Amino acid sequence: MPCPPKPRLLLLLPTATYRATAFVEAARRLDVELTVASELPSTFEQAQPDRLLTLDFSDPERAAQQAYQFARTHPIAGVTGVDDTAAVVAAAIAERLGLKGNSVSAALAARDKHIQRSELARRGVPVPRFERHGLDEDVPELAARTRYPCVLKPLRLSASRGVIRADDPSGFVAAFARLQQILEQPEVAACGAWTRYVLVEDFVPGPEVALEGLVIEGRIHVLGLFDKPDPLDGPFFEETIYLTPSRFSEPARQDIVGCGQAAVAALGLWEGPIHAELRYNATGPWLIELAARPIGGRCSAVLRFTAGEGGRGNALASLEELIIRHALGMPLPALEREERAAGVMMIPVPGAGVLRDVRGIAEARAVPLVEDVVITAHLGQALVPWPEGSRYPGFIFARGETPEAVEAALRAAHRRLAFVIG
Amino acid sequence: MDVAEIRITAEPIDNARCKFLVSLPVHSGGVRRFSSSEAAQGSPLAEALFAIPGAEVTEVIVSGNLVTVVKRSAAPWQAIGKSVGAAIRSVLASGHAAVAPKPAAAAAPSGVDDDALYDRVAELFDAQVNPMVARHGGRVELIDVQDAVVMLRMAGGCQGCGMADVTLRQGIEAMLQEAVPEVKGIVDITDHTAGTNPYFAAAKK
């Protein structure tokens, strides 16, 4: 009797992703047929047309039609996108092919901060007070009537690129000009009409957390709740340390998850990974961002899940394995993170310039509890600090018995690194 | 030799595989791959690595100053890596050859002739693989074939490229499966962290 065909996953991988290895290796471990689609062609696409595909990520409907044509000869059982743009394309493909996924309108709402804020506010989810302004507006006049402190944001850029706090009118004018410069860079301006607008919102004080989840039929299954122990008070919002489990009290954690769930419902997200960022203060949780994609960068390596019943002995499943299983309708293991505390540091950009050398990697790796130090910037790469930049030079991972011990290990490892910039 | 002079850098690929870059040559006679503790007999470094308690090592590949270890255990590399480092230092300090030379007539257990496979894979790389990756300034070097497993190194635009694993698994491995179906696997021994001109560089999303 012939074996039934393996299910085919269409994996939407932008070429600037950090996530290729994690997803490709997860698909191999799960023994699924994999087709990787990117916005630019692979040099092997003509030789391997069933495994590699080019889709127009800038036009989700066109990409969905391209995927539909592909699926006529290569049936697709599931689709997943790994970043903000790919998540919208994945939704369009899922709708076109009748696959598990989010609606395009929900994915778009998660993609665009103004649409997202509007929907969340309309449904009573606590969000900062916000306004959208055009780049051609009278900035001094805006500055004079804005409430402070405030935060200026682009509508769609990722990784807090272009996000700037202003504490007074002069700071507002300077921040607006700086963000406008970013939005008018040719490669950004070409991304669409959204680049002609700026979101201005109240600065919400308080510590920030990140909520990682898998949405199944509209309900969040929490995969991880991360504390961000370094204050994110601006003026720029480059991230550093993520630690899990969270040290917030159980009631506070429930409030945070409840807020995330309310946001998921408000946007209409129905299936797939989500990554939310929230602030928590005396009035409770505030939804700052909700993305219909998994955690970015290399950070997913910090999450490991017990394989559970039907799993592979004492093996631990990766976040990518869970996402692929869910997309393909394969049985899911228990969605429980391993018991140990874990953390990741997105290594701060040490300054502007060309990276000439990185010293102390072995010493950093030798710090107890540190599992790995990954330098993702290559020698000769221009390092660009926030708010103009969005690329971390690397990541440090640690695991231990307590979040405190993990945090200390991450900081100790970071102190051992020296970046030489020319 | 003073073991303190030996510097080792671990480069985990995932929780199963890790590359160890050693400051001194470990084995200068090409690539040796060991897929079992029995195959490791006579090669002190491979023997020591297969014997690490709790690691459940399943594969060791030694080439120049690079040692790649594959394990089955869920234990993190942070714990296992120290034992690997100690084994490498101990063997190098002994002054004996870390691994035995490759047998003259190596053949896979299936009876496949590695030398014949090497020639076919090399032809595929020359005729098809390298012209394709050259479009992105890349190059793929065939290092060896052992027990029907192809070992390769990526360079140029492929080295450190964010999409290198896609090229490897969706492109090169797929072509090998079609053109040389006797090939059982493919191992990338590239030090991707040393790439200085990757075709695609990553950004957090």
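**Strand S16 of chain A and helix H4 of chain B**

Me: In this predicted model, is strand S16 (residues 341-346) of chain A largely enclosed by the rest of the structure or open, and how many of its residues are buried?
Reply: The model is predicted, and within it strand S16 of chain A, spanning residues 341-346, is largely enclosed by the rest of the structure because its residues are buried. Ala341(A), Gly343(A) and Met345(A) point one way from the strand while Ala342(A), Val344(A) and Met346(A) point the other way, and all are buried. The count of buried residues in S16(A) is therefore 6 of the 6.

Me: Which residue of S20(A) stands opposite Met345(A)?
Reply: Strand S20 (residues 394-400) of chain A pairs with S16(A) in the antiparallel sense, over 6 bridges. Met345(A) is one of the residues of S16(A) that are buried, and the residue standing opposite Met345(A) in S20(A) is Ile396(A).

Me: What is the bridge partner of Thr244(A) in S16(A)?
Reply: S16(A) is also joined to strand S11 (residues 241-244) of chain A, with 4 bridges between the two antiparallel strands. In S16(A), the partner that bridges to Thr244(A) is Ala342(A).

Me: How many residues of domain 3 of chain A are in contact with domain 2 of chain A?
Reply: The domain assignment of chain A places domain 2 at 129-202 and domain 3 at 208-340, and the centres of these two domains, taken over C-alpha atoms, are separated by 28 Å. On the domain 2 side, 6 residues take part in the contact, and the number on the domain 3 side is 7. The residues that domain 2 of chain A contributes divide into 3 nonpolar, 2 polar and 1 charged, and they meet a domain 3 side whose residues number 7.

Me: Which element gives the largest share of the side of chain B that touches chain A?
Reply: The contact between the chains brings together 34 residues of chain B and 44 residues of chain A. Strand S1 (8-12), helix H2 (77-94), helix H3 (114-133) and H4 of chain B each supply at least two residues of the chain B side, which by class has 16 nonpolar, 11 polar and 7 charged residues. The largest share, 8 residues, comes from H4(B).

Me: On which residue is the kink in H4(B) centred?
Reply: Helix H4 of chain B, residues 164-179, has 16 residues and reaches 21 Å from its first C-alpha to its last, close to the 22 Å expected at 1.5 Å a residue. Several of its residues are buried, including Leu168(B), Ile172(B) and Leu176(B). The helix nevertheless has a kink of about 25°, centred on Glu173(B).

Definitions and conventions
Residues numbered from 1 in each chain as written. Chains lettered and ligands numbered in written order. Predicted model: local features only at pLDDT ≥ 70, side-chain atom pairs only at ≥ 80, totals over all residues. Domains from an automatic or database assignment. Contact = placed C-beta atoms within 7 Å. Nonpolar A, V, L, I, M, F, W, Y, C, P; charged D, E, K, R; others polar. Buried ≥ 20, exposed ≤ 12 C-beta atoms within 10 Å, placed from the backbone. Pairing = 2+ DSSP bridges. Expected span 1.5 Å × (residues − 1). Bend = angle between axes of the 7 residues up to and from the residue.
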